[in-house]
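This report concerns a single protein chain and the arrangement of its parts. Please consult the sequence and the structure shown here while reading.

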Amino acid sequence: MTGQHQLEHLEREAGHLAPGASDEAAVGRRVFAEGHGPVLTDLDGNQYLDFAAGTLTQSLGHGHPEVVEALTTQARRLWNVHDSATPDRAALLELLARLLPERLNTYALLSTGAEVVEAALRVVQATAEPGRNRIGALRGGFHGKTMGARMLVHWDVGHQAFAGNSVLGYAAYCYRCPLELSHPSCGLRCASLVRKHIADKPNVSALVFEPVLGAAGVVVPPPGYWSQITESCRANGVLLVADEVMTGGGRTGTFLASEQFGIEPDLVTLSKGLASGFPFAVLAGRAELLHHPAAAVPGAYSATYGGNPLGIAAARATLEVVERDRLVERVRILGDLLHERLSAWPSRFENLGDVRGLGLLYGLEFVTDRESRRPAPHIARAVYAHALDLGLRVALGGHILRLAPPFTIDEPLLDEGVTLLERALERVLS
């Protein structure tokens with residue numbers, strides 16, 4: 001339960017803070033004061049295993065000493081010189097070139113996920129052939145809260161709808177098939193419709209997609225979905241823009257989730273896991289796109305905080321640890337253990353409709369009953385709150401709980417966290 005000290009602090013904030021916090025903040029009502037490794041401590045001294053890894057940002061856990069040292073050292077030297085070169089920038093670019101697929105060899109450095117998606121859209125628009133004035137996206141995708149990112153998926157806010165210039169296709173959400181079919185007898189009808197409405201259209205310039213839908217609930221497509229779509233896009237000159245803001249950096253067991261599905265994107269957006277929670281983002285792409293004269297006009301990849309020395313220091317330190325300690329391989333090992341524990345739960349708990357994931361990214365989907373599969377956000381909120389009271393923080397959104405432990409967590413603590421979540425499920429669903 002939230003202690004009196006925290007409640008007083010929250011009351012102080014309420015007098016001035018705008019509403020609209022995330023589900024987890026609104027339901028959890030905690031005031032977190034410190035973080036070390038996989039453990040958070042609140043203002044009353046209570047501790048929590050952080051299976052949300054910040055906002056899927058803390059790949060190395062909280063306060064990793066090498067990242068702290070890099071930021072502290074850089075803070076004494078230089079903070080912002082717009083987009084001028086600094087001593088560490090070349091080293092970071094070379095590090096990215098080692099970690100990313102060879103064809104993605106050119107980078108623009110920015111600040112946030114939404115900002116880097118907007119930069120990718122500008123590249124697409126600048127390089128598109130005449131007549132290719134539409135962009136494809138997937139229903140249920142999430143690409144940020146700025147205007148261009150919202151319009152990709154026709155996400156309306158308030159009372160005024162802004163007409164997007166995108167064409168929407170179906171994600172392979174097998175648990176809730178929008179076509180009311182079943183896999184594998186469906187023959188991947190969702191993929192064939194993406195081909196028909198997006199990949200095969202002469203007026204479409206690009207398909208912007210999450211390889212695994214993140215905010216929609218860690219929706220992992222079955223084999224064959226992406227190969228069918230990407231082959232058609234390649235054949236018809238439609239650029240592939242992979243939004244890996246959530247999955248990039250090793251979260252799914254490969255540095256890019258695209259690698260697991262055989263996708264070879266032309267542009268990739270990355271942010272969350274790159275810099276241990278410090279705002280930092282990278283647009284990675286093929287040189288011929290990012291060097292295209294129309295896409296590389298002065299200021300095209302420039303931003304007030306983009307590629308600032310502190311962000312470069314945090315990203316370089318984070319990714320050097322990921323590379324040196326072979327943490328992407330460790331994600332695969334820990335992911336197998338997580339899968340082993342979680343996979344049996346839907347058969348045990350009536351209101352847990354589905355569990356799915358890759359590596360250290362899993363989604364638990366809660367329903368009112370198995371027959372209707374009606375989303376049950378009230379159950380997800382109750383499980384989230386009970387888990388928090390037991391000492392486990394996960395990520396809550398609607399009727400979905402997402403699990404994303406840091407890559408550095410050891411096996412006993414991973415097992416302890418899963419056990420705490422199991423106890424929360426038993427309290428709510430038994």
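The sections below treat a predicted model, beginning with its seven-stranded sheet.

## The open sheet

Seven strands form an open sheet in the order 4-10-9-8-7-5-6, and the pairing within this sheet is mixed. The edges are occupied by strand 4 (106–110) and strand 6 (166–169). Each of these two has a single partner strand, so one side of each has no neighbour in the sheet. On average, and with direction ignored, neighbouring strands are turned by 20° against each other.

Within this sheet, strand 7 and strand 8 run parallel and are joined by 4 bridges. One residue pair can be named: Val208 has Val241, in strand 8, as its bridge partner.

## Helices packed on the sheet

Helix 6 packs on the sheet, where it touches strand 4, strand 5, strand 7, strand 8, strand 9 (267–270) and strand 10 (281–285). The direction of helix 6 makes about 165° with that of strand 9. Helix 8 lies across strand 5, strand 6 and strand 7, and runs at about 170° to strand 6.

Helix 9, spanning residues 225–235, has as its buried residues Tyr225, Trp226, Gln228, Ile229, Thr230, Ser232 and Cys233. These buried residues pack against strand 5 (134–138), strand 7 (204–209) and strand 8 (239–243), as well as against helix 8 (189–199). Just after helix 9, Gly237 adopts a positive phi of about 75°.

## Two successive hairpins

Strand 1 (residues 32–36) and strand 2 (residues 39–42) run antiparallel and are joined by 4 bridges. They form a hairpin with 2 residues between them, and Gly37 in the turn has a positive phi of about 60°. His36 is paired with Val39 of strand 2 as its bridge partner.

Strand 2 is also joined to strand 3 (residues 47–50), by 3 bridges and again in an antiparallel manner. Here the bridge partner of Thr41 is Gln47, in strand 3. The hairpin of strand 2 and strand 3 has 4 residues between the strands, and in it Gly45 takes a positive phi near 90°.

## The largest pocket

Which residues lie nearest the centre of the largest pocket? They are Thr55, Phe142, Lys145, Lys272 and Arg402, from a lining of 38 residues. Two or more lining residues come from each of helix 2 (23–28), helix 3 (53–56), helix 6 (113–127), strand 14 (395–397) and strand 15 (400–403). Helix 6 therefore has a part both in this lining and in the packing on the sheet.

The space in the largest pocket amounts to about 1000 Å³. By class, its lining comprises 16 nonpolar, 13 polar and 9 charged residues.

## The second largest pocket

The second largest pocket has a volume of about 540 Å³. It is lined by 20 residues, and those closest to its centre are Leu10, Glu13, Ala21, Ala25 and Ala26. Helix 1 (4–14), helix 2 and helix 14 (377–390) each give two or more residues to this lining. Helix 2 is also listed among the elements that give two or more residues to the lining of the largest pocket.

The lining of the second largest pocket divides into 12 nonpolar, 2 polar and 6 charged residues.

Definitions and conventions: Residues numbered from 1 in each chain as written. Predicted model: local features only at pLDDT ≥ 70, side-chain atom pairs only at ≥ 80, totals over all residues. Heavy atoms only, no water. 1 Å grid on protein atoms, 1.4 Å probe; cavity = no way out; pocket = protein on both sides within 12 Å on 5 of 7 lines; lining within 4 Å. Points joined across faces, edges and corners; volume = space filled by probe spheres on them. Nonpolar A, V, L, I, M, F, W, Y, C, P; charged D, E, K, R; others polar. Buried < 20%, exposed > 50% of the residue type's maximum accessible area, 1.4 Å probe, protein only. Contact = heavy atoms within 4.5 Å. Pairing = 2+ DSSP bridges. Axes fitted to C-alpha atoms, helices over the stretch in contact; angles between N-to-C directions.
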